[in-house]
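Trainee: I should like to go through the descriptive terms applied to this structure. Please set each value against its definition before drawing a conclusion.

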Amino acid sequence: MSEATAPAGTGNKSKLILSILIGLLFTAAGIGGTWYFMKKQHEESGSEAVVEKKKPIAFVKIESFTVNLQPEERESRYLQVELSLKVNETEVITVIENSKPEIRNQVLLLLSSKKPSEINTLEGKQKLSQDIIQAIRSKIGSEALQSDILDVLFTSFIIQ
């Protein structure tokens with residue numbers, strides 16, 4: 001008898017209210033998920049920005065080198081070169097200054113092992129630059145400091 005006396009729209013109202021609540025729940029979940037992922041991306045991009053901050057750069061001048069090159073066709077030639085190191089402004093500068101005799105020795109040995117034809121071209125000079133960087137890094141103890149040596153710049157390069 002209670003079913004017969006109940007108004008006809010009550011069952012539809014409860015279904016409507018339930019549908020609205022489920023819709024609100026899904027909407028809230030979508031908004032919450034979007035906020036969470038946007039916050040996570042913002043935090044990640046913020047940490048990358050901190051990592052990408054550039055350190056100040058300094059240049060360390062190395063005295064000039066004059067070496068005999070390996071002979072080609074019985075012709076004696078020599079190389080006179082001046083170079084500077086491009087480094088991050090960290091304690092690597094002090095380490096380089098304290099290790100200059102060892103670094104100069106490594107560079108002298110490297111330069112005197114070259115033939116004029118190996119270092120006469122642009123590609124040869126670029127390879128020589130990379131070889132010098134590796135030779136200098138071998139005399140620096142810490143890997144973190146090794147990565148602070150950025151480049152070798154030739155300020156003078158004469159082959160005679």
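Trainee: Which hand does the crossing have where H4 passes H6?

Mentor: In this predicted model, H4 passes H6 in a right-handed crossing. A crossing is given that name if the near helix is turned clockwise from the far one by less than a right angle, and is left-handed if the turn is anticlockwise. As to the reading conditions, local features require pLDDT of at least 70 and side-chain atom pairs pLDDT 80 or more, whereas totals for chains, interfaces and linings use all residues. Residues are numbered from 1 along each chain as its sequence is written, and side-chain values use heavy atoms, with hydrogens and water left out.

Trainee: At what angle do the axes of H4 and H6 cross, and within what distance do they come?

Mentor: Two packed helices are described by the angle between their axes and the distance between the axes. For H4 and H6, the axes come within 9 Å and cross at roughly 145 degrees. The axes are lines fitted to C-alpha atoms, for helices over the stretch in contact, with angles from 0 to 180 degrees between N-to-C directions.

Trainee: Which residues of H4 and H6 meet?

Mentor: From H4, Ile 103, Gln 106, Val 107, Leu 110 and Leu 111 meet Leu 128, Asp 131, Ile 132, Ala 135 and Ile 136 of H6. These residues divide into eight nonpolar, one polar and one charged. Ala, Val, Leu, Ile, Met, Phe, Trp, Tyr, Cys and Pro count as nonpolar, Asp, Glu, Lys and Arg as charged, and the others, Gly among them, as polar. Contact itself means heavy atoms within 4.5 Å. Asp 131, in helix H6, touches Leu 110 and Lys 114 once residues up to four places away in sequence are set aside. The C-alpha atoms of Asp 131 and Leu 110 are separated by 7.9 Å, although the two lie 21 residues apart along the chain.

Trainee: How does the reach of H6 from its first C-alpha to its last stand against the span expected?

Mentor: H6, residues 122–137, has 16 residues and reaches 23 Å, close to the 22 Å expected. The expected span is 1.5 Å times one less than the number of residues. The elements are DSSP runs, helices being H or I with at least four residues and strands E with at least two, numbered from the N terminus. The buried residues of H6 pack against strand E2 (78–88), H4 (100–112), H5 (116–119) and strand E3 (149–159).

Trainee: Why is Ser 84 of strand E2 called buried?

Mentor: Buried means under 20% relative accessible area, exposed over 50%, and partly exposed in between, with a 1.4 Å probe and protein chains only. Ser 84 has 12%, and is therefore buried. Its contacts beyond four places in sequence are Val 60, Lys 61, Ile 62, Asp 151, Val 152, Leu 153 and Thr 155.

Trainee: What makes Asp 151 partly exposed?

Mentor: Its relative accessible area is 25%, so Asp 151 falls between the two cut-offs. Asp 151 lies in strand E3, and its C-alpha is 6.8 Å from that of Ile 133, 18 residues away in sequence.

Trainee: Why does Ile 119 count as buried?

Mentor: Ile 119 has a relative accessible area of 2%, and so is buried. This residue of helix H5 is in contact with residues including Leu 69, Leu 79, Phe 157 and Ile 159.

Trainee: What makes Glu 73 and Arg 74 exposed?

Mentor: The values are 77% for Glu 73 and 85% for Arg 74, so both pass the cut-off for exposed. Glu 73 lies in the loop between strand E1 (57–68) and E2, as does Arg 74. Each has a positive phi without being glycine: near 55 degrees for Glu 73 and about 60 degrees for Arg 74.

Trainee: What does the record annotate at residues 16–38, and what is the secondary structure there?

Mentor: The unreviewed UniProt entry annotates a "transmembrane region" over residues 16–38; positions follow the numbering used here, feature names are shortened, and annotations may be inferred rather than shown by experiment. In the model the span is 100% helix and 0% strand, with its end C-alpha atoms 33 Å apart.

Trainee: How many helices and strands does the chain have?

Mentor: There are seven helices and three strands, in the order α-α-β-β-α-α-α-α-α-β. Buried residues make up 25% of the 160 residues.
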